[in-house]
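Good morning, colleagues. Please have the sequence and the structure open before you while I go through the ligand site and the arrangement of the domains.

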Amino acid sequence: MNKRIFFSGIQPSGSLHIGNYIGAIRQWVDIQNDDKFLINLISKQSPKPELEIRNLQRELIFCVVDLHAITVYQDPKILREKILEVAAIYLACGIDPKKSRIFIQSENPDHSYLSWILDTVIPYGWMGRMTQFKSKSEQQKGATSVGLFNYPALMAADILLYDTDFIPVGEDQIQHIELARDTAIRFNRIYNTKLFKLPESLVDQEAARIMSLQNPLAKMSKSVQDPLGTINLLDSSEDVKRKIKRAVTDSGNEIVYRQDKPALSNLLVIYSRLSGKPIKELEKQYQGVSYVRFKEDLADVVDNVLKPIREKYAQIRQNYDYLNQVLNEGRDFALSRSQPKVAQVRQVMGLGR
Ligand code: ATP
Ligand code: MG
């Protein structure tokens, strides 16, 4: 059978923002619902025979990666809330539990188990090269945990446990996925096995790094205190309008996508991805138009996408039984896949009796 497995996740480390949506969740929903999108995405990245990707059967697994979130301190009360919030946002954005699985990482102990196993095959030097570790440990100001250093091993475990083919993510995660792939190759070689499938990232190149509205050289991030620079998925219409109105712009008055115009380029990417209009078309449409007018239109575009998400989210959060049922089914499914995989790993490595 021509089946491909997609796996991805988001940390409940703060409020989800439009970067998480544009870089990750929006792609997940399209992969779930839209054959053409998927074929396009896959063939753009790694050309495969058309026949092979037509009628592609897919299995989609989306995780709330709470074990990743605790690599920097999380207040337990807030964490518990955020875990449910992230799961409900997946559903509100269009992840359909009839087609996809949603579960909470820490409810499947196989993730941390395999993470330890992979620790024993990943060379120390590989981890030291990870740019996310470098930037996040700087923010930790001397309080960096070993877990933060080890983050990519846990992520490799998430991916390899489920025989994942593709991981749809934003640009910042590509390096970690390459490490997961290298880890699979290394494990397979050391233990002379084909146990781990080699995964690939799936990235929407142009939209894979949405920047802060206050600093177009810094990535929009959940865990960075940048309230005006970050549009959260649950922001009110007023907040969306206020933040876009105050977004920094570049010198001059042209509305173009160009390297020397990082702020406008970022706003154009957001506009394009949330409206479906190509950037070239937007550049034409906004020739000679003021920044003020452009921003008003952009605020409407963003709010038109966020409004239904907000509304659906409110409904889902009122229906605790439903959310619980989705997460229980997701957990049971995840365990049914990961347990045999871990048993094979133990067997190959000679662990236990
Ligand atoms: P944190 O600050 O806690 O690391 P984050 O905003 O970076 O939070 P993650 O949970 O680390 O979010 O990542 C979830 C997904 O969102 C990943 O696929 C990641 O690549 C993607 N992503 C995160 N930030 C952006 C962004 N600014 N633009 C595009 N994609 C993003
Ligand atoms: Mg991140």
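In ligand 1, an oxygen atom lies 2.6 Å from an N or O atom in the side chain of D172. I should say at once that this is a predicted model. The side chain of H17 also takes part: one of its N or O atoms is 2.7 Å from an oxygen atom of ligand 1. With G19 the partner is the backbone, since a polar backbone atom of that residue is found 3.2 Å from a nitrogen atom of the ligand.

How many residues surround ligand 1? The number is 22, and the closest of them are S13, K136, D172, K222 and S223. D172 therefore appears both in that closest group and in the 2.6 Å polar contact with which I began, a pair that falls within the 3.5 Å limit for such contacts.

I turn now to the domains. Domain 1 comprises residues 3-202 together with 320-349, while domain 2 covers 237-314. Their C-alpha centres are 30 Å apart. To the contact between them, domain 1 contributes 10 residues and domain 2 contributes 8.

What area is buried between domain 1 and domain 2? The value is about 850 Å², and carbon and sulfur atoms give 79% of it. On the side of domain 1, the three residues I18, I22 and A92 supply 52% of the area buried against domain 2, more than any other three residues.

As for polar interactions across this interface, the rule finds 0 salt bridges. Between the two domains, 1 residue pair is in polar contact, with both residues at pLDDT 80 or more.

Which elements give two or more residues to the side of domain 1 that touches domain 2? They are α1, spanning 18-33, and α5, spanning 76-92. Helix α5 provides the largest share, 5 residues. By class, this side of domain 1 has 8 nonpolar residues, 2 charged residues and no polar ones.

Helix α5 also holds a salt bridge of its own. E85 pairs with K82, and their closest N and O atoms are 3.2 Å apart. Both residues lie in α5, separated by 3 residues, about one turn of the helix. In the structure as a whole there are 20 salt bridges, whereas the interface of domain 1 and domain 2 has 0.

Notes
Residues are numbered from 1 along each chain as its sequence is written. Chains are lettered from A and ligands numbered from 1 in the order in which they are written. This is a predicted model: local features need pLDDT of at least 70, side-chain atom pairs count only at pLDDT 80 or more; totals for chains, interfaces and linings use all residues. Side-chain values use heavy atoms; hydrogens and water are left out. Domain bounds come from an automatic or database domain assignment. Contact means heavy atoms within 4.5 Å. Buried area is the accessible area (1.4 Å probe) that two parts lose on being put together, summed over both. A salt bridge is a side-chain nitrogen of Lys or Arg within 4 Å of a carboxyl oxygen of Asp or Glu. A polar contact is a pair of N or O atoms within 3.5 Å; within protein, one must be able to donate a hydrogen and the other to accept it, and residues adjacent in sequence count only if both atoms are side-chain atoms. Helices (H or I, at least four residues) and strands (E, at least two) are DSSP runs, numbered from the N terminus. Ala, Val, Leu, Ile, Met, Phe, Trp, Tyr, Cys and Pro count as nonpolar, Asp, Glu, Lys and Arg as charged, and the others, Gly among them, as polar. A residue is near a molecule or strand if one of its heavy atoms lies within 4 Å of it.
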